[in-house]
Amino acid sequence: MSPADPGLDALLRPRSIAVVGASRRSHSIGHQILRNLVTFGFTGPVYPINPEAGSILSIRAYPSLRELPEPVDLAVVVVPRREVPAVVDDAVARGVRGLVVITAGYRETGPEGACAEAELRDRVRGGGLRMVGPNCMGVINTDPEVRMNATFAATTPLAGTAGFMSQSGALGEMILAHAAQIGLGIACFVSMGNKTDLSGNDLLEAWEDDPRINVVLMYLESFGNPTRFAAITRRVTRKKPVLAVKSGRSAQGARAAFSHTGSLAGAEVAVDSLMEQCGVLRMRSLHEMFDLATALALQPLPRGNRIAILTNAGGPAIMATDACVERGLEVPELPDEAQAALRKVLAPEASVRNPVDMIASADGARYAAALDVLTRVEGIDGLIVLFVSPITINAAEVAQAIIAAGRARRRPILTCFMGKEQGAASVEALRQAGLPVYLFPEETARAMAGLLRYQRIREREAGKPAAFAVDRARARATLDGARAAGRETLETAEVAALLGAYGLPVIPTRAARTGAEAIEAASAIGYPVVVKGDAEGLVHKSDRGAVKVDLRNGDEVALACRDIAAALAGSGGPAPSFLVQPMVRGGHETILGLSHDPQFGPLLMFGLGGIFVEVMKDVVFRLLPITDVEARAMVRSIRGYPILAGARGGPRADEAFLVEAILRLGQLAGDFPELEQIDINPLIVGAEGSPGAVVDARVRLAAAGSHR
Ligand code: COA
């Protein structure tokens, strides 16, 4: 680990440590931290600080940091809150460079605590120190050169290659205990506490090029700086996997229904989009995170999605196969030569196609022989080895066979040992040999799919941001014009001007105040036409009977205007005006939009329009800035993509048009942060090569005076 910041170095790999508030009471936190430091074998000196004690745990104690015989790199602070400011001053005076503040009672307790926390932050920063916490469980670094367990955890951490940061201290104990139990070794563990000084982003940067850490795990409750998180994780995830559990789902989803985009966006989709774009693997539970982390930490990545399953029982193999297929893995029939080779070494009753079912009589030798074939066969990218322990079979020999196969590290091997007689010793032996062991077939398959998911992230093209030639001045003038008129919602002509300036193909639309004007407009445009009602606050036009399509002559236009006026008459507002457009035929209706998350900033939305957005909510979001690769991924990741791709013989939609429209909207939103919401609904996409069109769109600006 080589953080450039010496304060960070003092926090993560100090050469000497003082425990301020090292208590004489054996069941206190301060005492436990001192004990953990000593028993874990910290490689430098440890000094207890306690004004009341001569020695603690047989180590000479000092009354304050100022009286230490030499400066220390790190002070772990475990004194009551009222004492903390004086301790920080002492630390500054004695040349301490890092603080881990365990003490609680800050922001998490309310406004008074928040003030105390702000004061603590200023004091720490003013003194040039770096700080983990407050309100945290401490820091662990298992590097043999450091061996620091500056936590009060009861579990002795297992050394390994995972970097774990947790925003919850309470979960820390469970994290360390479970990680040790399943064989997931920890290189560094940081309980972040209130993240008052050291942030998760700082740690990610410190771990980015740390060769001891090959998988980064995060338990998050909030994002301090999503933009920086995005910039760092985009880089880090190309080098090592980053897994995150994010809890704390907020109620921001309920927004004013100005637009579909606004009502569908919310904090959760923003978090999902952020992680997806940056290559962070978002996990739904700690359980899932541990399962995948173990596989990532210990096994090579699969090159492709073809998995072989070796088993001694049919049922679990079927479950594993189903779970693989559900997650995009294939369980292909093995090549003839491999089947022939397996037939030679397995019982005649065995099935050798894949899953390879050796039946219950398979012993260690059979597992070894089958694995010898399967680890070499071309066209297999990963192996799942299942073992249901029959009473007659020596599980330890089976485990040894798998361990021997794993040594070659040609492709990932994940194992699932089931049954009472599995033998804890065998499982332990597998784990020690770096082979992840799962209890259920589905978990094993899910972890294998996770390995492939990360491999795909590493292979992802970087992509380029949009840089179309646009008429920025015209867009600026349009927005200024609306502002000058005191409007936040743009009028139809302004919407057309704004989107048109950024090359979004808005179909020609004429406004008409009366039926007669509508007929005039229709003749100018040419029949057939569409007539729509236009009134303040009217969003769901077709639901309200305010859209009449395929009108072929003046009489039909006049009738349509009367019907629309009648349909909207109940709303109490002034009589509606009308919009007349050419009739667009064919193509698919899609929706493209922009919304603004208060924390994450502009979010683009894409999905299939009409019923798909109303009922199925089949939409995806991405944060800005967006690249061409991400725009394409947006189009391809909606559930209804097969419809655009020409399912059941339908015409293939012009994907390039959609990608370009997303990028153009992204460029517009990036250029004008005051754009609060845009709803292009529908955006019609034609067959490949034929033109698409913005048929209806709404644009709203952020409230005047809001600082964007
Ligand atoms: N310098 C050095 N030692 C000091 C001190 C100072 N300024 N002031 C007090 N001490 C000593 C005390 O003498 C005591 O030692 P003793 O037991 O040998 O007498 C020890 O420090 C602890 O002080 P005490 O007043 O007994 O506090 P405590 O142990 O009850 O509580 C905390 C201290 C930090 C644990 C408590 O304030 C706290 O914040 N608890 C919550 C911690 C937490 O949950 N953190 C988040 C985890 S996820």
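## A helix and what follows it

Let's start at a small landmark: right after helix 2 comes Gly41, a residue with a positive phi, near 90°. Keep in mind as you look around that this is a predicted model.

Helix 2 itself covers residues 29-39, and its buried residues are Gly30, His31, Gln32, Ile33, Leu34, Asn36 and Leu37. In an α-helix there are 3.6 residues a turn, so residues three or four places apart point the same way. What do the buried residues of helix 2 pack against? Their partners are strands: strand 1 (17-20), strand 2 (46-49), strand 3 (55-56), strand 4 (59-60), strand 5 (74-77) and strand 9 (148-151).

## Around the ligand

Now find the ligand in the picture. How many residues surround the ligand? There are 22, and the closest are Ser23, Arg24, Arg25, Ile102 and Ala104. Sorted by class, this shell holds 12 nonpolar, 6 polar and 4 charged residues.

Some side chains can be paired with particular ligand atoms. In Ser23, a side-chain N or O atom lies 2.7 Å from an oxygen atom of the ligand. For Arg24, the distance from a side-chain N or O atom to a ligand oxygen is 2.8 Å. Glu83 is matched with a nitrogen instead: that ligand atom is 3.1 Å from an N or O atom in the Glu83 side chain. As for the surface of the ligand, it exposes 960 Å² when taken alone, and the protein buries 72% of that.

## Two cysteines and a count

Are Cys278 and Cys561 buried or exposed? Cys278 has a relative accessibility of 2%, and because buried means under 20%, Cys278 counts as buried. The same cut-off applies to Cys561, which is buried because its relative accessible area is 4%.

How many disulfides does the model have? Counting pairs of cysteine sulfur atoms within 2.5 Å gives 0 disulfides.

## The whole protein

Finally, step back and take in the full chain. The protein has 708 residues, of which 55% count as buried. Its secondary structure comes to 24 helices and 29 strands, and its C-alpha trace spans about 100 × 80 × 40 Å along the principal axes.

You can also ask how far along the sequence the contacts reach. Taking contacts between residues at least 6 apart in sequence, 72% join residues at least 24 apart. On the outside, the accessible surface of the protein is about 28900 Å², and carbon and sulfur atoms account for 53% of that surface.

Definitions and conventions
Residues numbered from 1 in each chain as written. Predicted model: local features only at pLDDT ≥ 70, side-chain atom pairs only at ≥ 80, totals over all residues. Heavy atoms only, no water. Near = heavy atom within 4 Å. Polar contact = N/O pair within 3.5 Å; in protein donor to acceptor, adjacent residues only side chain to side chain. Areas by Shrake-Rupley, 256 points an atom, 1.4 Å probe, with all protein chains shown as cover. Nonpolar A, V, L, I, M, F, W, Y, C, P; charged D, E, K, R; others polar. Buried < 20%, exposed > 50% of the residue type's maximum accessible area, 1.4 Å probe, protein only. Helix = DSSP H or I, 4+ residues; strand = E, 2+ residues; numbered from the N terminus. Contact = heavy atoms within 4.5 Å.
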